[in-house]
Amino acid sequence: SRLIHEFIRGFRAGSGRELLVFRGEAAASHQAPYELFTGPLSRLLSETGLADRVFRAGDGAQRLRPVVEYLAGHREADERLRSLEPSALRLEIHLSLRFVLERLSSLAEEEGRAPLVVYLDSLQCADHASIEAIDFLASNLGDAGPILFLWTYRPEFELKPEWRSSLPVREIELKPLPESGCARILQSVLE
């Protein structure tokens, strides 16, 4: 997480631009469905100006807003969502996630804040529904502006081959920090 923070900070400093970051994280303690996406969607909906631009009237986006609100935990599912079969609901959720990322990417590009950074932390703890959503997104992002996916995960997690074939992937494996490095970090925290 610290390395990602420094990467984003370094990009901002080097380019003078503020990036638009969609950040989700999985927790080992519980695995709610779509947990990687619920936090960032909830934050998106709480930023009224941004949410209004994502779900602008007249382009069909308003139909997707209840799905995103449901996913973000903002309200009970509307009647249309409650009547869907599980596979149809899953498709609605995946299409809504794709729409949100494509729209955010376009907005970031229009505002000179591209690429959209989709930072998903601790993939090794992600729930099955979140992994299925990434599967869908990896092969179905359409008219999106530039998107940079930053994923963090422990060595026991392996990226799916489909992700590698659908997205340009560059892995950076971090080795354990040597004892001297741990000591320096601990000393800087204590100072």
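**Exercise 1. The largest pocket**

Work out what volume the largest pocket has and which residues line it.

*Solution.* Start with the volume: the largest pocket comes to about 1500 Å³. Next, look at who sits closest to its centre. Of the 35 lining residues, those are Ile-4, Trp-151, Thr-152, Tyr-153 and Ile-172. Keep in mind as you go that this is a predicted model.

Now ask where the lining comes from. Helix α1, helix α7 (128–140), strand β3 (147–151) and helix α8 (161–166) each give at least two residues to it. The largest share belongs to β3, with five residues.

Finally, sort the lining by chemistry. You should get 22 nonpolar residues, five polar ones and eight charged ones.

**Exercise 2. A nonpolar patch on the surface**

Find which residues form a nonpolar patch with Leu-3, and decide whether Leu-3 is buried or exposed.

*Solution.* First, the members: Leu-3 teams up with Ile-172 and Leu-174, and together the three have about 350 Å² of accessible area. Then place Leu-3 in the fold: it belongs to helix α1, residues 2–15. Last, check its accessibility. The relative accessible area of Leu-3 is 51%, and the cut-off for exposed is over 50%, so Leu-3 counts as exposed.

One of the patch members, Ile-172, has already turned up among the residues closest to the centre of the largest pocket.

**Exercise 3. Salt bridges**

Say how many salt bridges the structure holds, then go through the partners of Glu-25, Asp-52 and Lys-160.

*Solution.* The count is 14 salt bridges. Let's take three of them in turn.

Step one is Glu-25. Its side chain meets that of Arg-23, with N to O at 3.0 Å. Arg-23 is partly exposed at 29% relative accessibility, and Glu-25 is partly exposed too, at 42%. This pair doesn't stand alone: Arg-23, Glu-25 and Asp-121 are linked in a network of salt bridges.

Step two is Asp-52. Its partner is Arg-65, and the closest N and O atoms are 3.9 Å apart. Arg-65 lies in helix α4 (residues 65–72) and Asp-52 in helix α3 (residues 48–54), so this bridge ties together parts 13 residues apart in sequence. As for exposure, Arg-65 is buried at 17% relative accessibility, while Asp-52 is partly exposed at 41%.

Step three is Lys-160. It pairs with Asp-135, the closest N and O atoms being 2.8 Å apart. Asp-135 sits in helix α7 and Lys-160 in the loop between β3 and α8, so to speak a link between distant parts of the chain, 25 residues apart. Both ends are partly exposed: Asp-135 has a relative accessible area of 24%, and Lys-160 comes in at 27%.

**Exercise 4. Helix α4**

Why is α4 described as largely enclosed by the rest of the structure?

*Solution.* Go through the helix residue by residue, with buried meaning under 20% relative accessible area. You'll find Arg-65, Pro-66, Val-67, Val-68, Glu-69, Leu-71 and Ala-72 buried. That is seven of the eight residues of α4, so the helix is largely enclosed. The list includes Arg-65, the salt-bridge partner of Asp-52. Just past the end of α4, take a look at Gly-73: its phi is positive, at about 80°.

**Exercise 5. Backbone oddities**

Find where a cis peptide bond occurs, and work out where Tyr-34 and Ser-122, which have positive phi values, sit in the fold.

*Solution.* Begin with omega. The bond joining Ala-114 and Pro-115 is cis, with omega at about 5°. Pro-115 falls in the loop between α6 (86–110) and β2 (116–121).

Now turn to phi. Tyr-34, a residue other than glycine, has a positive phi near 60°. Its place is the loop between β1 (21–25) and α2 (35–46). With a relative accessible area of 8%, Tyr-34 is buried.

Ser-122 has a positive phi near 65°, and this residue isn't a glycine either. You'll find Ser-122 in the loop between β2 and α7. At 18% relative accessibility it lies under the 20% cut-off, so Ser-122 counts as buried.

Terms used
Residues are numbered from 1 along each chain as its sequence is written. This is a predicted model: local features need pLDDT of at least 70, side-chain atom pairs count only at pLDDT 80 or more; totals for chains, interfaces and linings use all residues. Side-chain values use heavy atoms; hydrogens and water are left out. Patches are made of residues with over 30% relative accessible area and no salt bridge: like charges are joined within 9 Å, nonpolar side chains (Val, Leu, Ile, Met, Phe, Trp, Tyr) within 5 Å. Accessible areas come from the Shrake-Rupley method with a 1.4 Å probe; for residues, only the protein chains shown count as cover. A salt bridge is a side-chain nitrogen of Lys or Arg within 4 Å of a carboxyl oxygen of Asp or Glu. Helices (H or I, at least four residues) and strands (E, at least two) are DSSP runs, numbered from the N terminus. Buried means under 20% relative accessible area, exposed over 50%, partly exposed in between (1.4 Å probe, protein chains only). On a 1 Å grid over the protein atoms alone, a cavity is a set of points where a 1.4 Å probe fits but cannot get out, and a pocket is an open set with protein on both sides within 12 Å along at least five of seven lines; lining residues have an atom within 4 Å of a point. Grid points are joined across faces, edges and corners, and a volume is the space filled by probe spheres set on the points. Ala, Val, Leu, Ile, Met, Phe, Trp, Tyr, Cys and Pro count as nonpolar, Asp, Glu, Lys and Arg as charged, and the others, Gly among them, as polar.
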